[in-house]
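Below are my notes on the model you sent, set out as numbered points. Please read them with the structure open.

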Amino acid sequence: MRERLDTLRGEVDGLDKTIVELIAQRIKLAVPIAEAKRALGCEIYDEIRERNILMRLDMYAQSLGIESGVIVRVYERIFECMRGQQNG
């Protein structure tokens, strides 16, 4: 049973690494997105876009068996961090 637990934890560790790598990619996009927004005279924070993304991701997450609201909470924090990156 201990081997099984170690194997499962190893899989989770690998997924965590992948998640961090994907977040790093997302952060790298934040700066050029902010530059484009500024060039267009747009605000950094776009409430309507964020709300639409959250609804779309929540529906997708639910289709994968994830409880409603879980992904929304995760992405609200991600969006907060991205805005921090865009605001410099």
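1. Tyrosine 75 has a relative accessible area of 23%, so the residue counts as partly exposed; the cut-off for buried is under 20%. Note that the model is a predicted one. Phenylalanine 79, with a relative accessible area of 5%, is buried.

2. These two residues make up an aromatic pair, and the structure holds one such pair. The rings of tyrosine 75 and phenylalanine 79 are edge-to-face, with 5.9 Å from centre to centre and 65° between the planes. The angle falls in the edge-to-face class because that class takes planes over 60 degrees apart. Along the chain, tyrosine 75 and phenylalanine 79 are four residues apart in helix H3 (residues 70–86), which means that about one helical turn separates them.

3. Where is the largest pocket lined, and by which helices? H1, helix H2 (47–63) and H3 each contribute at least two residues to its lining. The volume of this largest pocket is about 320 Å³. The lining has 17 residues, and those closest to the centre of the pocket are Arg26, Arg49, Ile53, Phe79 and Gln86. Phe79 therefore appears both in this set and in the aromatic pair, and is buried at 5% relative accessible area.

4. Five salt bridges are counted in the model. Three of them are taken up in the next points, starting with the pair that joins two helices.

5. The side chains of arginine 83 and glutamate 50 form a salt bridge with an N to O distance of 2.7 Å. Arginine 83 belongs to helix H3 and glutamate 50 to helix H2, so this pair ties together parts that lie 33 residues apart in sequence. How do the two ends stand in terms of exposure, buried or partly exposed? Arginine 83 is partly exposed, at a relative accessible area of 22%, whereas glutamate 50 is buried, at 15%. The values lie on either side of the 20% cut-off, so the two residues receive separate labels.

6. Arginine 77 and glutamate 80 also meet through their side chains in a salt bridge, at 2.6 Å from N to O. Both residues are in helix H3, three residues apart, so about one helical turn lies between them. Arginine 77 is partly exposed, with 47% relative accessibility, and glutamate 80 is partly exposed as well, with 45%.

7. In helix H1, the side chains of glutamate 21 and lysine 17 form a salt bridge of 3.7 Å, N to O. For reference, the criterion accepts a nitrogen within 4 Å of a carboxyl oxygen. The spacing of glutamate 21 and lysine 17 is four residues, which means about one helical turn. Glutamate 21 is partly exposed at 40% relative accessible area. Lysine 17 reaches 56% relative accessibility and so counts as exposed, since the exposed class begins over 50%.

8. Which residues form the nonpolar patch on the surface? Leu15, Ile19 and Ile23 do, and together they present about 260 Å² of accessible area. Leucine 15 is found in helix H1 (residues 2–40). With a relative accessible area of 54%, leucine 15 is exposed.

9. The loop between H1 and H2 holds isoleucine 44 and tyrosine 45. Are these residues buried or partly exposed? Isoleucine 44 counts as buried at 12% relative accessibility, while tyrosine 45 counts as partly exposed at 43%.

10. Some C-alpha separations may help when checking the fold. Isoleucine 44 and arginine 83 are 39 residues apart along the chain, and their C-alpha atoms are separated by 6.8 Å. Tyrosine 45 and aspartate 6 are also 39 residues apart along the chain, but their C-alpha atoms are separated by 42 Å.

11. A last separation concerns glutamate 76, a residue of helix H3. Its relative accessible area is 41%, so glutamate 76 is partly exposed. Between the C-alpha atoms of glutamate 76 and glutamate 3 there are 36 Å, and the two residues are 73 apart along the chain.

Key:
Residues are numbered from 1 along each chain as its sequence is written. This is a predicted model: local features need pLDDT of at least 70, side-chain atom pairs count only at pLDDT 80 or more; totals for chains, interfaces and linings use all residues. Side-chain values use heavy atoms; hydrogens and water are left out. Rings of Phe, Tyr and Trp (its six-membered ring) pair if their centres lie within 6.5 Å; planes under 30 degrees apart count as stacked, over 60 as edge-to-face and the rest as tilted. Buried means under 20% relative accessible area, exposed over 50%, partly exposed in between (1.4 Å probe, protein chains only). Patches are made of residues with over 30% relative accessible area and no salt bridge: like charges are joined within 9 Å, nonpolar side chains (Val, Leu, Ile, Met, Phe, Trp, Tyr) within 5 Å. Accessible areas come from the Shrake-Rupley method with a 1.4 Å probe; for residues, only the protein chains shown count as cover. On a 1 Å grid over the protein atoms alone, a cavity is a set of points where a 1.4 Å probe fits but cannot get out, and a pocket is an open set with protein on both sides within 12 Å along at least five of seven lines; lining residues have an atom within 4 Å of a point. Grid points are joined across faces, edges and corners, and a volume is the space filled by probe spheres set on the points.
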